[in-house]
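Trainee: I should like to learn how to read this structure. May we take its features in turn?

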Amino acid sequence: MENKKYFFAVDLGATSGRTIVGTLEDGKVDLEELTRFDNTLIEVTGHFYWDIFALYKEVIKGLKIAAERNLPVQSIGIDTWGCDFVFVGDDGQILRNPVAYRDPHTFGTMEDYFMNVMPKEKVYEKTGIQLMNFNSLFQLHQMRRDNNSALRHAAKILFMPDALSYMLTGKAVCEYTVASTSQILNPMTGDLDGELVESLGLKREQFGPMTKPATVIGILTPEVQKMTGLSAIPVVAVAGHDTASAVAAVPAQNKKFAYLSSGTWSLMGIETQKAIINESSFAKNFTNEGGIEGTTRFLKNICGMWIYERCRSEWPEAKSLGHAELQRGLPDVEPFRSLINPDDEMFNNPDSMVGAINRYCEKTGQSVPQTHTEYCRCIFDSLALRYRQVITWLREFADFDIECLHIIGGGSMNQFLNQFTANSCGITVLAGPQEATAMGNIMLQAKASGMVKDVWEMRGMIANSVEPERFEPQDREVWDKGYEKYLTITRG
């Protein structure tokens, strides 16, 4: 045990969370999951909320297990999804559970902001962030319009990973990568944009000090130490946005790669030294989010496995089937028989995802899927073709040749979708690690402790620990025809 270094990671997604212990030894990183738990939306009084206290309780539970096992934890790091935030009062208390980004209260809010506050071209020029109704800028604007009482009394506004770190340490910070998802941060200055903050009726000091990844926030409070049985362990600001932590863990050999972080969302992009903000990136609605060590994650959000998982939840008989069994017949289904645009608004959060697919197919004059396998084929074909469209645009923006596509995250385990993506994009796909977000979280803690010096040393250690699965393009002519159909359908 003396030769190993132990780090505790909290990895929270929009549907589930985990606590993980990562160990570094002999140039390799290894992960052990301590707990796994659901993260479910709470619908009450006309809004959807996250339960921040339930999440905190799960973090404490994981820390207790680490203490009971006498693990010599070096530090703790937390990553979550982006955009959402917590209000804290002037007495230091959390005012209310945070509203979830899938709450429909921001429908139409962007248009109001652009019409009455600031033109969308100027907002994009300042932030370089993809215009999406749930970005923090529009959530806060709508809350102001609604005279939200928690916002009115907020002394601090903390993004989700920063809020949980605050609950552990009592220290309020604004971690750079998660703040960059808000559409309030200006990548040119590296801080929140004063004009945007003022447009919301807020002040810069209501947000914590801007903090870069691999920075120690503080130590566990005496209260948390007593609850968990741990000592005054440091809490580190990792790349608080889960995708930023995941991209930090791409086991690339050089910069000539694109990445696809595949989960509830598919985030497809490249790593650049500077933000790319111009008329073309605005027209194609690309985003510039903060990466580690001063890099930018130039990417596009694509509605990913959310569509598939929502369909699965509607099939009672599918609950007893694993993914492999449910998808086994995919090669036997006619390709491109039914296609959708995964980013159409009708797939955001419909009452029935199956019904939404049916309506889309009917509206576009296509055959409606009839079996579970046909729905799966429709979803995976459509995602792979959407990936082709986005990587075609990325090649136009990149100042280097994109030689391969690294697929990371939970979706990297889906071999059918990996092969379809290689076929569609005409590029070598390297799938894995599945646990990229947790690995990035752990490695940034290791950097904070001085065990690794930079991202390339981090990636080299991860490459020594995992071996990505390789997928080469096949059936190019078939997929070219499928892409032509996809473009015809999605252009309406």
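Mentor: Certainly. Please keep in mind throughout that this is a predicted model. Let us begin with a salt bridge: the side chains of R18 and E435 meet in one, with N and O 2.4 Å apart. The pair links distant parts of the chain, since R18 belongs to strand β2 while E435 sits in the loop between β20 and α17, 417 residues away.

Trainee: Are R18 and E435 buried or exposed?

Mentor: The two residues are to be read separately. R18 is buried, its relative accessible area being 9%. E435, at 23% relative accessibility, counts as partly exposed, because the partly exposed class begins where the buried class, under 20%, ends.

Trainee: Which residues are linked with R18 and E435 in a network of salt bridges?

Mentor: The network consists of D11, R18, E33, R36 and E435. For the structure as a whole, the search finds 22 salt bridges.

Trainee: Which residue forms a salt bridge with E195?

Mentor: The partner is K122, and the closest N and O atoms are 2.9 Å apart. E195 lies in helix α8 and K122 in helix α3, so this pair ties together parts that are 73 residues apart in sequence. Both ends are partly exposed: E195 has a relative accessibility of 37%, and K122 has a relative accessible area of 33%.

Trainee: Which residue forms a salt bridge with R459, and are the two buried or exposed?

Mentor: R459 pairs with E271, the closest N and O atoms being 2.9 Å apart. Here R459 is in helix α18, residues 455-465, and E271 is in strand β16, residues 265-272, so the bridge ties together parts 188 residues apart in sequence. R459 and E271 are both buried.

Trainee: Let us return to helix α8. Where is S199 found, and which residues is it in contact with?

Mentor: S199 is found in helix α8, which covers residues 194-199. With a relative accessibility of 12%, S199 counts as buried. Leaving aside neighbours within four places in sequence, S199 is in contact with Y113, V117 and R144.

Trainee: I should now like to consider the domains. Which domains does the assignment give?

Mentor: The domain assignment gives domain 1, residues 5-240, and domain 2, residues 250-432 together with 468-491. The C-alpha centres of these two domains lie 27 Å apart.

Trainee: How does one express the size of an interface between two such parts?

Mentor: The size is often given as the accessible area lost when the parts come together. In this case, domain 1 and domain 2 bury about 1,800 Å² between them, with 58% of that area on carbon and sulfur atoms. On the side of domain 1, R102, Y124 and Q130 lose the most area to domain 2, together 39% of what that side buries. In terms of contacts, 22 residues of domain 1 touch 22 residues of domain 2.

Trainee: How many salt bridges and polar contacts does the rule find across the interface of domain 1 and domain 2?

Mentor: The rule finds zero salt bridges across the interface of domain 1 and domain 2. It does find nine residue pairs in polar contact there. Two helices, α3 (120-127) and α7 (176-179), each supply at least two residues of the side of domain 1 that touches domain 2. Of the contributors to that side, α3 gives the most, with five residues. By class, the side of domain 1 that touches domain 2 has eleven nonpolar, seven polar and four charged residues.

Trainee: What should one look for in the backbone itself?

Mentor: Most residues other than glycine have a negative phi, and most peptide bonds are trans. D26 has a positive phi of about 55 degrees although it is not a glycine, and C83 likewise has a positive phi, of about 80 degrees. D26 lies in the loop between β2 (16-25) and β3 (28-38), while C83 lies in the loop between β6 (73-79) and β7 (85-88). D26 is exposed, at 74% relative accessible area, whereas C83 is buried, at 6%.

Trainee: Which residues does a cis peptide bond join?

Mentor: The cis bond joins G432 and P433, with an omega of about 5 degrees. P433 is found in the loop between β20 (428-431) and α17 (436-448), and E435 of the salt bridge discussed at the start is likewise in the loop between β20 and α17.

Terms used
Residues numbered from 1 in each chain as written. Predicted model: local features only at pLDDT ≥ 70, side-chain atom pairs only at ≥ 80, totals over all residues. Heavy atoms only, no water. Domains from an automatic or database assignment. Contact = heavy atoms within 4.5 Å. Buried area = accessible area lost by both parts, 1.4 Å probe. Salt bridge = Lys/Arg side-chain N within 4 Å of Asp/Glu carboxyl O. Polar contact = N/O pair within 3.5 Å; in protein donor to acceptor, adjacent residues only side chain to side chain. Helix = DSSP H or I, 4+ residues; strand = E, 2+ residues; numbered from the N terminus. Nonpolar A, V, L, I, M, F, W, Y, C, P; charged D, E, K, R; others polar. Buried < 20%, exposed > 50% of the residue type's maximum accessible area, 1.4 Å probe, protein only.
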